[in-house]
Amino acid sequence: MSSSRRPMSSTRPRTTKPPLICIAALDVLQPTSPLRATLLANRSAAFSMSRAHSSVVRDAKAALELDNSQWKLYSRAAKSLVFMADLDAAIQLLRLGVAVAAASKPAWAQAEAFNKEIAAIQSMEAYVAQARDLLKDANKDTKRDSCAKALHALESAFILADPSNAKQSYSTSSSSRLLSADLGNISHKWKLFRAEALVGLLELGEASKVVSNQVLSYDSTNSEALALRAVILYMNDSHPIASVLSFCTNALAYDPDNAKARVFLRKVKALEAKKKEGNDAYGAQDWEAAEAKYSEWLEEDTVGGVVRCKVLSNRAMVRSKQERHPACISDCTTAIDLLNTLQFPSNTNSDSPEPTPSDLANTPQTALYTKLYLRRADSYSKLEQYTDAIRDYTICTDLKPNDSAIQSTLQTLKRLERQAKRKDYYKILGIPRGSDENAIKKAYRKMALQYHPDKQAALPEEERLLGDAKFKEIAEAYSVLSDPQKKRMFDAGHDVDGASASGGMGGGNPFGGVGWVGVWIWRIL
């Protein structure tokens, strides 16, 4: 047979069925027949291979009623009870086996073996109880740490329940140790605890696999799984809100007492209404109202996920419209950090490298990344923080390599950065960049009069020297900006020598040390 044949999925139950002869024989045998105990034991073994655990327990108990010295049946039934998450029943059955074995000296070793199994199940029980308490008590500040501890506890219980899981118990791409392990024998209840911990760790992809592939594919009416599926879809923001609501209502249809589904359904409806109010205010260009609604949404949200990144992006845009650029930058940075955690859950340690632009380009959220980086870069440029703006625009050139507008803006920012490292003649005159000839002349006259040497003569020497330096700087700025050719070169980011205008040939002029340019300035005034 070819070695390349695709193996069967390890998560699906085996299809082994109890031998027909066992079924037929059990139908005709008398209830007290000695052979009946043997056939029940054999049939329980066949059910165990097919992972029909409730049938294993039923046949094993029936066989033990006829012959309580079939030691392997205690262990087999107890293991099935563990896989059904009924640990108390498993311990009770094994304790019965201990009592029977202890009554017979040759079976004392078997009693000791049962005690070891009981101790292992009690350890599982402690792990699961610890995980349940951590998930229940986790709050906004401790959620991530609590979920990490809960996941570790649960997976420790899984390894105790089925030691074969330990063979594949390590992964560098997730907080989970059991990404590739066969968890087919683990109860759906425990699997959903694990999925809940993964959601808390924002490992939504792995949580989705657990819920959809390991639970709902076998039990499509599982209310807890349907409710958790709704949470994952909402956090990913990958489906219409109607799909999220549908999963919630289906969960409640199968279990009207599912409190988690009911609370989440109510919360989603409230958050969606709040977000719509914010979007409507944005559409009406009512920036103050839009920011208030988005802020209320962010305050009330306890779910997180991609949808939170999008609302942060919306509020950042509003704050940009309000010229509140530091606040806009803060929202964009928060959204980018959260998105990184969602897309690269294994990079949450402080020692982990930052995702590269090529990493970002290979995620389903490339468009959102691009929007956030462009928005943050725009605010950085408005604050003249050109180095930060260039960094963000460079990332965007990798995310959208064929976007000519991004390339053009990047070149403009590099020019402005070079310009910012030189004297800013517009800033010296106290006027906006790109001001026209009249504005330049008006500002120049005002400042030249303010710092003219005649007005500085009575000041202490230190202040007079500072005033002289300022006067020369004003002259230098005007000499460049009043010259159309020099101004064009300066605006384009080229180096322009304006210092020669403020130099001077001292002596002989009415302004002393300020040079001949001082005479020129005074005459213009």
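Colleague: Between which domains does the second largest pocket lie in this predicted model?
Modeller: The lining of the second largest pocket receives residues from two domains. One contributor spans 138-267, and the other is made of 305-345 + 355-421. Because both give residues to the lining, the pocket lies between domain 2 and domain 3.

Colleague: Which element gives the most residues to the lining of the second largest pocket?
Modeller: This pocket holds about 370 Å³ of space. Its lining has 16 residues, and Leu204, Gly205, Glu206, Leu342 and Pro345 are the closest to its centre. The elements that give two or more residues are helix H9 (204-216) and H15. The most, four residues, come from H9.

Colleague: How many residues in the lining of the second largest pocket are charged?
Modeller: By class, six residues of this lining are nonpolar and seven are polar. The charged residues number three.

Colleague: What is the volume of the largest pocket?
Modeller: The largest pocket has a lining of 41 residues. Lys143, Val199, Gly200, Thr302 and Val303 lie nearest its centre. The volume of this pocket is about 1500 Å³.

Colleague: Which domains each supply at least three residues to the lining of the largest pocket?
Modeller: Helices that each supply at least two residues to this lining include H6 (108-137), H7 (143-161) and H8 (188-200). Helices H10 (223-236), H12 (259-283), H14 (306-321) and H15 (325-343) also supply at least two residues each. By class, the lining divides into 18 nonpolar, nine polar and 14 charged residues. At least three residues come from each of domain 2 (138-267) and domain 3 (305-345 + 355-421).

Colleague: Is Glu155, the salt-bridge partner of Arg177, buried or exposed?
Modeller: The closest N and O atoms of Arg177 and Glu155 are 3.8 Å apart. Arg177 lies in the loop between H7 and H8 and Glu155 in helix H7, so the salt bridge ties together parts that are 22 residues apart in sequence. The relative accessibility of Glu155 is 0%, and the limit for burial is under 20%. Glu155 therefore counts as buried.

Colleague: How far apart in sequence are the parts that Glu300 and Lys274 tie together?
Modeller: Glu300 and Lys274 form a salt bridge, with 3.8 Å between the closest N and O atoms. Glu300 lies in helix H13 (residues 287-300) and Lys274 in helix H12, so the parts tied together are separated in sequence by 26 residues.

Colleague: What accessibility class does each of Glu300 and Lys274 have?
Modeller: The relative accessible area of Glu300 is 35%, which makes this residue partly exposed. For Lys274 the relative accessible area is 16%, and that residue is buried.

Colleague: Where in the chain does Lys427, the salt-bridge partner of Glu384, lie?
Modeller: The closest N and O atoms of Glu384 and Lys427 are 3.7 Å apart. The pair links distant parts of the chain, 43 residues apart. Glu384 is in the loop between helix H17 (366-382) and helix H18 (386-399), whereas Lys427 is in helix H20 (residues 425-429).

Colleague: Which residue, Glu384 or Lys427, is exposed, and which is partly exposed?
Modeller: Glu384 has 42% relative accessibility and counts as partly exposed. The relative accessible area of Lys427 is 55%, and the residue that is exposed is Lys427.

Colleague: Which residues do salt bridges with shared partners join into one network with Lys274?
Modeller: The count of salt bridges comes to 30. Salt bridges that share partners join Lys274 into one network with Glu277, Lys293, Glu296 and Glu300.

Notes: Residues numbered from 1 in each chain as written. Predicted model: local features only at pLDDT ≥ 70, side-chain atom pairs only at ≥ 80, totals over all residues. Heavy atoms only, no water. 1 Å grid on protein atoms, 1.4 Å probe; cavity = no way out; pocket = protein on both sides within 12 Å on 5 of 7 lines; lining within 4 Å. Points joined across faces, edges and corners; volume = space filled by probe spheres on them. Nonpolar A, V, L, I, M, F, W, Y, C, P; charged D, E, K, R; others polar. Domains from an automatic or database assignment. Salt bridge = Lys/Arg side-chain N within 4 Å of Asp/Glu carboxyl O. Buried < 20%, exposed > 50% of the residue type's maximum accessible area, 1.4 Å probe, protein only.
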